[in-house]
Every structure is written in C-alpha cells, then in structure tokens.
Amino acid sequence: LCFAVSGGNICTTRGVNSCKQCLAVSPLCAWCSAEVRAGSSPRCDLRTNLLQNGCGQDYIEFPTSTVTILEDRPLSNKGSGSSTTTQMSPQKIQLNLRPDDSQIFRVQVRQVEDYPVDIYYLMDLSNSMKDDLRNIQNLGTKLASEMRKLTSNLRIGFGAFVDKPISPYMYISPPQAITNPCYEIGETCLPMFGYKHVLSLTDEVTRFNEEVRKQSVSRNRDAPEGGFDAIIQATVCDEKIGWRNDASHLLVFTTDAKTHIALDGRLAGIVQPNDAQCHIDKDNFYSASTTLDYPSLGLMTEKLSQKNINLIFAVTDTVVGLYQNYSELIPGTTVGTLSRDSSNVLQLIVDSYGKIRSKVELEVRDLPEELSLAFNATCLNDEVIPGLKSCMGLKIGDTVSFSIEAKVRGCPRERQKSFTIKPVGFKDSLTVVVNFNCDCSCESQAEANSSSCSRGNGTLECGVCRCNPGRLGSHCECSEEEYNPSQQDNCSPQPGQPLCSQRGECICRQCVCHSSDFGKVTGKYCECDDFSCVRFKGQMCSGHGQCNCGDCLCDSDWTGDYCNCTTRTDTCMSSNGLVCSGHGSCVCGKCDCTQPGSYGDTCEKCPTCPDACTIKKDCVECKKFERGVLMEQQSCSRMCRDEIETVQELGDRGKDAVNCTYKDEDDCVVRFQYYEDSSGKSILYVIEEPDCPKGPDILVVLLSVTGAILLIGLAALLIWKLLITIHDRREFARFEEEKARAKWDTGHNPLYKEATSTFTNITYRGNM
C-alpha cells in the first residue's frame with residue numbers, strides 16, 4: 001500500500017483527534033502526547049516528522065509489531081524409541097500486532113521415520129459383505145507383516161456396523177425377522193445392530209484374526225448403511241478404542257454401499273442431532289443408535305481433526321465416486337477402490353498410508369475474525385510456492401517449511417486471543433498468542449476534569465482534551481448551545497465548498513458528523529466513511545477487505561480494486577504438484593491455460609500436449625545430465641519435481657511405469673522409466689550410461705579400404721580379360737565363317753602369275 005497522498009500523508013489527512021484513532025489509521029502513524037508543542041504541527045504524523053517537529057522521544061506513541069518464540073523444541077528424526085517426538089517447530093509463539101499491521105513467522109514440519117501407527121478396521125457387516133468377511137480373516141497377520149516395513153510399532157483394532165435397529169431400516173415382519181433378518185432368504189444371521197466395538201487397538205495381531213473369525217453378518221432393509229454413526233463413535237471413544245497420543249491414527253472404513261447422513265434419521269422419527277459423545281455401553285454396542293440422528297459431515301470433520309485421525313474410505317467401484325466427494329470435504333481423507341471380495345484391502349491400506357505420509361497440509365483452528373493468514377510453502381528443492389499451505393510427493397524424513405503472514409483488521413474488545421495451526425493428522429501443533437496493540441500507554445495517565453480542558457470540562461488524555469458531553473473544541477471551550485456563523489470557516493477544506501461535506505454540522509469551528517445507518521462517518525470535514533467502497537456480488541470489498549475512506553483495504557491473501565482476486569495458488573495445484581499442471585498460470589485462484597489444447601480446472605487435460613516421455617525427457621536432461629532447455633531457463637527445480645535414480649537396467653514396475661527412449665545431442669540413446677508410486681511421487685529411473693555409437697577403428701578402416709581397392713582392381717582386370725577373350729573369339733569365328741563361304745581356291749588364283757613363262761615351238765620336232 002502507498003500511504004502518501006497529495007498534500008501530506010495518510011496520518012495527517014484523516015482528521016483523527018485521539019491517540020487510539022491515530023494508531024488505527026496506518027501502521028506508519030505515530031502520536032505525540034506532549035501537552036505543549038511548538039507551532040501547529042499535527043499530533044498524528046509519521047514518527048520521523050514528529051521528531052523533526054520537536055516532539056520528544058518520550059512523548060511519542062509508536063507501538064511496533066513483533067514476533068516472539070516462546071517454545072521451540074527441535075524436530076525429531078525418529079518416532080519409536082524416543083520419549084517425545086516432535087514433528088512441528090516451533091510449538092508456541094506470541095504476536096504483538098497493531099491495527100492493520102502484519103508479521104511473518106515460519107514453521108517447519110517433518111514426517112519422522114518409524115512413527116507408531118494405530119489402525120482401526122471398521123467393517124460393514126451387512127449381508128452383501130459375507131465374502132469380504134471370509135477374506136480378511138488373516139488380514140491382521142498380513143497387515144502387520146507389510147506395515148513392519150514402515151514402522152516397528154503397530155497396533156490394530158476392529159469394529160463393525162450395519163444400521164440403526166429401528167424401522168424402516170430393519171426388518172420387523174415376519175416376527176422371526178427381528179432376531180434373524182435373513183429369515184426370508186432361508187439363512188441365519190445376527191440380529192441387526194448399529195455399531196459394535198469388537199477389538200481395542202493391540203499389538204497382538206493374531207487376536208485380530210481370531211476376533212474376525214468369530215464375526216457373522218447381519219441384514220438391513222434399505223440400501224444405505226449407518227457407517228457414519230460408527231465413524232463418529234470410533235473417533236470420540238478414545239478410551240474404548242485405545243488411540244495413542246504419539247501415533248498416526250488410521251480409521252479404515254470398508255463398505256460396498258452408500259451411507260446415511262444427517263437428517264436421514266427423520267425417516268424413523270429421530271430428530272435429536274448427534275451430540276458427538278461416546279455412547280458405547282458395557283457390551284460394546286452403540287447405545288444411542290435409535291435416539292440420535294446420523295452425524296453430519298461437518299461434525300465428523302471437526303472430531304476427526306481434533307483426534308488427529310486420518311480416514312480411509314475402502315469402497316467398491318459402484319460407490320467410489322460418492323466417497324470421493326465426501327473426501328474432498330473431510331481433510332486428511334483418502335479413497336481406495338475395494339475389490340468385490342476385499343481381496344485387495346491389504347494393498348489398499350498400505351497404499352493409502354503411503355499417500356497420507358507423502359502429504360503435509362496445514363489447518364487452522366479458532367482463528368479470530370480480526371485476523372487473516374496468508375501462506376507460502378517451501379516444499380521440495382527449496383522452491384517457494386505462494387498461496388499454498390500443503391506439500392505433496394514427500395518421503396519419510398523430508399522437512400518442509402511454511403511462511404505465514406498474519407494481518408490484523410480492526411481491534412477486538414478482547415485484547416488477547418489465540419489460535420492453533422497444525423498439520424492434518426498430526427498431534428503436533430503451533431499455538432499462536434496474539435496481543436492486539438490498539439491502545440496507547442499514555443491513556444493510563446489520563447487526568448479527569450483537567451484544568452487544561454477549559455476549567456475541568458474534559459479529561460486530558462495523551463496531550464488532548466476528551467470533552468465532557470455537551471462540550472466541544474480543542475480545549476472544550478465551546479458549548480453545543482453556542483453558535484456563531486463566523487466559526488464556520490474552519491469546517492470546509494476550501495472556501496466555497498460544502499460545510500462538513502454536507503454530512504455533519506459545524507459547531508464551535510469543528511465538524512460534528514452525522515450518524516448513519518450504513519456505517520461510520522469520520523474525518524475532520526466528515527469526508528470519510530466505511531461504507532462508500534465498491535461492491536462485488538453485493539458485498540463491500542467482496543467481503544475480503546475493509547472500507548477505509550472510500551478505499552478497499554484488502555485482506556492479506558486478496559488483491560484488486562474490489563478485493564475479489566485471491567493470491568492463493570492452492571486451488572490451482574494439480575495432482576502432479578505443479579501449478580496448473582505446468583500448462584498455464586494461476587490468476588485470481590483459477591487456472592488460465594496457456595498451453596494450446598489444454599483445459600480443465602487445473603489444465604490437467606491436454607490431448608495435443610506432448611506425452612509423458614516427451615515431457616520427462618527434459619527433466620532427465622536437466623536433472624541427470626545438467627543440460628537442456630530447462631537448465632538454460634533455470635526452471636529445472638520448478639518444472640521437475642521427480643526423483644532421479646540411476647540404475648543398470650529398467651525393471652518391471654507394473655502398469656504405473658512407462659519405458660521411454662530418446663536420442664540426445666550427441667546422438668546417444670538414453671533409456672529411462674517414468675514411474676509414479678501410490679503416494680503420487682514421481683520417480684525417473686535412468687540407465688547409468690547412454691548407448692552411444694562407437695568411433696571408427698583407423699587400422700580396420702585402412703585395411704578395409706586397401707582390400708577393397710585391390711579387390712576392385714582385380715575384378716576390373718578379370719572383367720577386362722574376359723571381355724578381350726570374348727571379343728577375339730567372336731572375330732576368329734567370323735573369319736572362319738567367311739573363309740568357308742569363299743568361291744575360289746587359293747591354289748588357282750586367277751590373278752596370280754608365276755615368275756617364269758613357258759613357250760612351246762610348234763615347229764620343233766625334236767631330234768628325230
């Protein structure tokens with residue numbers, strides 16, 4: 001807020017005339033209580049201005065807001081084996097707050113290792129749960145075996161319920177159906193009962209098995225059961241159940257049907273509201289089942305929170321949606337889908353306990369209406385998330401912190417109040433004692449009927465006269481009966497403007513403001529009020545602020561001209577722990593989806609967005625190899641809350657795991673597995689060494705090239721020789737062919753002439 005205004009500051013322009021009013025204007029204002037002052041400087045001003053104007057330090061009323069830690073035990077590391085376990089620090093603080101001021105304090109919460117656990121198994125024993133009863137006969141031993149991995153100190157108990165044993169919830173005809181509700185179906189079962197406590201919490205797990213084997217089912221008439229009656233009794237009957245103070249309390253509620261809620265008892269003529277008191281008789285039955293109505297969700301929420309009990313709804317798929325809606329109204333509640341025969345109840349309990357231990361959520365009790373709180377959470381990677389009072393995806397032993405700003409609005413009659421902040425389901429809490437510093441110390445030195453106030457016509461208090469009825473003026477020198485038109489000059493800020501803003505009368509050079517049915521009119525010239533601020537949806541300042549002289553002073557977790565825009569972001573947190581699923585921004589408590597194609601309350605739906613492998617690839621790059629886009633943008637810790645584990649090979653982790661492969665900037669193949677466990681925590685299992693292509697062997701390459709050249713040359717030579725041979729043979733064959741076709745003989749060539757010529761003399765006859 002900016003407290004400077006034209007012509008001065010907010011302290012000097014509000015026209016206050018007492019120390020208490022001055023302190024209420026702004027946390028910056030101080031009051032000078034000196035009776036005699038130099039000049040005409042205002043008594044209500046900034047502290048530095050009062051000192052400059054000559055007001056002595058001893059006469060300045062300027063209380064400051066402070067935080068004092070009264071009790072601060074260190075956080076414990078382990079639950080079992082220690083006398084006192086501390087999971088929240090500090091345990092008690094004191095706030096001294098003056099009007100409209102605020103102070104910030106921090107708390108730390110740690111889920112300690114090996115913390116004791118109490119599990120009370122509350123089962124629906126109507127006829128439809130007959131198969132389930134058989135399947136849990138060895139649950140105690142199996143559950144103890146699994147839970148020993150998480151805690152060395154486990155206790156388990158058992159209770160059962162059906163519905164109110166009164167018509168129209170039970171069978172009353174034929175008469176045999178009263179003692180045997182299964183008479184009409186030819187079977188034998190127990191008479192109907194509301195709730196019975198069977199086994200108190202014990203570490204003898206075999207007793208659980210024995211007691212379960214002794215149980216039989218019953219049968220009620222209408223479909224809904226009376227399970228909420230059983231929940232409220234199992235919650236408030238501490239001594240019967242045996243809840244321990246230093247332990248996690250789990251109440252497992254199993255059923256396959258809907259349940260009756262408050263006001264349903266009117267069907268049976270039951271109009272008395274549930275009183276949330278323990279009504280288990282000496283036989284361990286709920287004795288007020290037919291006289292008290294079913295409890296409301298609000299009553300259950302209150303008692304579960306008081307007793308630090310985490311409720312687990314283990315219900316079948318036909319009603320899981322209904323109980324999911326219930327869980328959203330009851331903090332610290334988880335819902336699991338139970339198989340038809342309860343065969344998966346063991347894993348369901350273990351998974352639900354993991355979810356509970358992976359989340360820390362703060363709740364506030366008995367907050368005074370004059371206070372408002374704003375939360376900032378520091379969960380993982382030391383990242384501060386504004387407007388959030390819960391952390392998810394935690395491991396046992398993780399420590400989270402919250403910064404809390406407490407701001408006071410107005411001054412209550414009771415100057416000291418207290419409230420409590422505690423994690424849901426924890427016994428630990430922080431008690432905050434608030435002292436409202438609305439009074440001035442000089443008020444205790446007030447002088448009644450002081451001579452300084454026109455001969456005893458008022459009380460001198462903090463340097464000014466508080467006049468008796470009928471007297472006015474700075475020294476009570478005027479009477480209301482006296483009137484002089486010349487005195488009106490001091491009743492308007494400038495000449496020509498209406499006297500007292502037309503909302504008061506000018507008497508003795510002083511504005512006396514009219515009363516109003518709408519609120520209070522104040523100011524030197526009656527220019528201010530507390531009812532002329534803008535309204536939103538019919539409420540002034542949207543119901544999230546105070547009207548001060550026409551301006552809305554918003555509560556600490558609201559902003560805007562109408563105080564209609566919340567600064568909290570917990571409503572924008574998605575199941576993956578990111579604000580708006582990383583696809584948008586949180587504006588006034590609602591997600592503005594900026595990623596194309598994304599939609600939903602938390603932008604969680606995005607068919608066109610990259611798949612899990614594409615998204616988690618960037619997280620592997622920045623968290624494992626310290627490179628990539630997220631590392632360059634310095635947003636790795638904010639966008640990637642996954643835990644990285646290096647492995648030699650990827651194992652089979654079921655349907656909740658996705659195997660991914662990609663090539664990095666070095667053309668290496670990186671393989672990883674994206675896995676989300678039952679608590680919602682995301683883990684990335686990355687193969688230690690990427691599969692990178694190996695570099696070439698120079699000798700092998702040289703020999704290969706040389707051999708290739710030789711082979712190619714030899715092949716070319718052979719081909720050339722083959723072609724030449726084929727060509728010669730073809731030429732020779734053609735010659736032979738032409739020779740065979742010749743028409744003369746080479747022995748009688750007509751063109752050939754011998755070198756000698758022979759002539760015959762015909763006349764020569766020889767030597768006769």
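These legends walk through an overall view and several close-ups of a predicted model.

**View 1. The whole chain, spread out rather than balled up.**
Counting up the secondary structure of this protein gives 15 helices and 42 strands. Its radius of gyration is 46 Å, well over the 27 Å that the globule rule gives for 768 residues, so the protein is more spread out than a compact globule. Put a box around the C-alpha atoms along the principal axes and you get roughly 215 × 90 × 50 Å. Of the 768 residues, 44% are buried. About 40900 Å² of the protein is exposed, and carbon and sulfur atoms supply 49% of that area. If you take the contacts with a separation of 6 or more, 61% of them link residues 24 or more positions apart.

**View 2. An open sheet of five strands.**
Reading across the sheet, the strand order is 7-9-20-17-18, and the pairing is antiparallel. Which strands sit at the edges? They are strand 7 (88–89) and strand 18 (384–386), each of which pairs on one side only. Strand 7 is joined to strand 9 by two bridges, and the two run antiparallel. Look for M88 here: its bridge partner in strand 9 is V109.

**View 3. Zooming in on strands 9 and 20.**
How many bridges hold this pair together? There are nine, linking strand 9 (residues 102–110) to strand 20 (residues 399–408) in the antiparallel sense. Two of the partnerships are handy for getting your bearings. I104 has E405 as its bridge partner in strand 20, and R106 has S403.

**View 4. Two cis peptide bonds, each leading into a proline.**
One cis bond runs from S89 to P90, with omega near -5°. P90 sits in the loop between strand 7 and strand 8 (92–97). S89 itself belongs to strand 7, the edge strand that spans 88–89. The other cis bond goes from S173 to P174, again with omega near -5°. To find P174, go to the loop between strand 11 (154–161) and helix 5 (176–179).

**View 5. Positive phi at S542 and at E626.**
Neither of these residues is a glycine, yet phi is near 60° at S542 and about 55° at E626. S542 lies in the loop between strand 32 (539–540) and strand 33 (545–548). For E626, look in the loop between helix 12 (612–624) and helix 13 (629–632). Is each one buried or exposed? S542 has a relative accessible area of 5%, under the 20% cut-off, so it counts as buried. E626 has a relative accessible area of 62%, over the 50% cut-off, so it counts as exposed.

**View 6. Helix 9 and the elements packed around its buried residues.**
Helix 9 covers residues 297–306, and its buried residues are L299, M300, T301, K303, L304 and S305. What do they pack against? On the helix side, the partners are helix 7 (227–236) and helix 10 (320–329). On the strand side, they are strand 14 (309–316), strand 16 (360–365) and strand 21 (416–423). After helix 9 comes N308, where phi is positive, near 55°.

**View 7. S450, a buried serine in a loop.**
The loop in this close-up lies between strand 22 (430–436) and strand 23 (458–461), and S450 is part of it. The relative accessible area of S450 is 0%, so this residue counts as buried. Which residues does S450 touch, leaving out those up to four places away in sequence? They are R455, G456, N457, G458 and L460. Two of them, G458 and L460, fall within strand 23, which spans 458–461.

**View 8. A nonpolar patch on the surface.**
Five side chains make up this patch: L714, L717, L718, W720 and I724. Together they give a nonpolar surface of about 520 Å². To place the patch on the model, use L717, which is found in helix 15 (residues 698–740).

Key:
Residues numbered from 1 in each chain as written. Predicted model: local features only at pLDDT ≥ 70, side-chain atom pairs only at ≥ 80, totals over all residues. Heavy atoms only, no water. Pairing = 2+ DSSP bridges. Helix = DSSP H or I, 4+ residues; strand = E, 2+ residues; numbered from the N terminus. Buried < 20%, exposed > 50% of the residue type's maximum accessible area, 1.4 Å probe, protein only. Patch = residues over 30% accessible without salt bridge, like charges linked within 9 Å, V, L, I, M, F, W, Y side chains within 5 Å. Areas by Shrake-Rupley, 256 points an atom, 1.4 Å probe, with all protein chains shown as cover. Salt bridge = Lys/Arg side-chain N within 4 Å of Asp/Glu carboxyl O. Contact = heavy atoms within 4.5 Å. Rg over C-alpha atoms; globule rule 2.2 N^0.38 Å.
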